[in-house]
Amino acid sequence: DDDDDDDGGFCHAEGEDQSLQKERERLLWEQQEKERRRWEAEQREQQERERSRRAAEEREQQERERRRWEAEQERARLETHKQQERERLQWEAQQAHQQELQRIAAEAERRRQQEEQEDAAAAAAA
């Protein structure tokens with residue numbers, strides 16, 4: 001009989017050991033799950049930060065390109081304006097030169113006619 005009690009007690013203790021072992025395994029699994037979820041959350045946060053950083057860089061790049069394009073447009077507008085102003089001034093100078101040539105030609109023609117009249121008057125008086 002004593003042997004039977006001892007065997008029963010041993011089986012009971014072994015069952016408790018198995019139960020403790022299962023509890024330790026469950027706690028370890030829960031700890032590993034918590035660690036895995038924490039790691040996954042950190043990965044998602046890191047990916048979100050990286051996505052946000054890339055999006056911000058893209059917006060900054062687009063803004064730089066927009067400002068560069070606007071500056072190029074302004075330079076082109078100013079260059080066109082300067083070119084138009086140069087052409088206008090050149091045209092005005094050509095017009096003034098043409099008018100001066102016409103004035104000189106008219107003055108020469110007036111002098112020629114006056115000299116002809118004076119020559120004709122002198123010839124008639126002679």
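Is E107 buried, partly exposed or exposed in this predicted model? With 25% relative accessibility, E107 counts as partly exposed, because the buried class ends at 20% and the exposed class begins over 50%.

To place this residue, it helps to look at the whole chain, which has 1 helix and 0 strands. Of the 126 residues in the chain, 1% are buried, and the chain exposes about 11700 Å², of which carbon and sulfur atoms supply 50%.

The mean pLDDT of the chain is 91, with 90% of its residues reaching 70 or more. Over residues 1–6, however, the pLDDT is below 50, and this stretch has 0 contacts in the model beyond near neighbours in sequence. Where pLDDT is low, the predicted coordinates should not be read in detail.

Side chains of opposite charge can pair when their charged atoms come close, and the structure holds 25 salt bridges. One of them links E107 to R111, with the closest N and O atoms 3.3 Å apart; because R111 and E107 lie 4 residues apart in helix α1, about one helical turn separates them. R111 is itself partly exposed, at 49% relative accessibility. Elsewhere, salt bridges that share partners join E33, R36, R37 and E40 into one network.

R26 and E30 also form a salt bridge, their closest N and O atoms being 2.3 Å apart, and these residues too are 4 residues apart in helix α1, which spans residues 2–125. R26 is partly exposed at 37% relative accessibility, as is E30 at 34%. A further salt bridge joins E79 and R86, where the closest N and O atoms are 3.1 Å apart; E79 is partly exposed at 37% relative accessibility, and R86 is partly exposed at 41%.

Methods: Residues numbered from 1 in each chain as written. Predicted model: local features only at pLDDT ≥ 70, side-chain atom pairs only at ≥ 80, totals over all residues. Heavy atoms only, no water. Helix = DSSP H or I, 4+ residues; strand = E, 2+ residues; numbered from the N terminus. Buried < 20%, exposed > 50% of the residue type's maximum accessible area, 1.4 Å probe, protein only. Areas by Shrake-Rupley, 256 points an atom, 1.4 Å probe, with all protein chains shown as cover. pLDDT = per-residue confidence, 0-100. Contact = heavy atoms within 4.5 Å. Salt bridge = Lys/Arg side-chain N within 4 Å of Asp/Glu carboxyl O.
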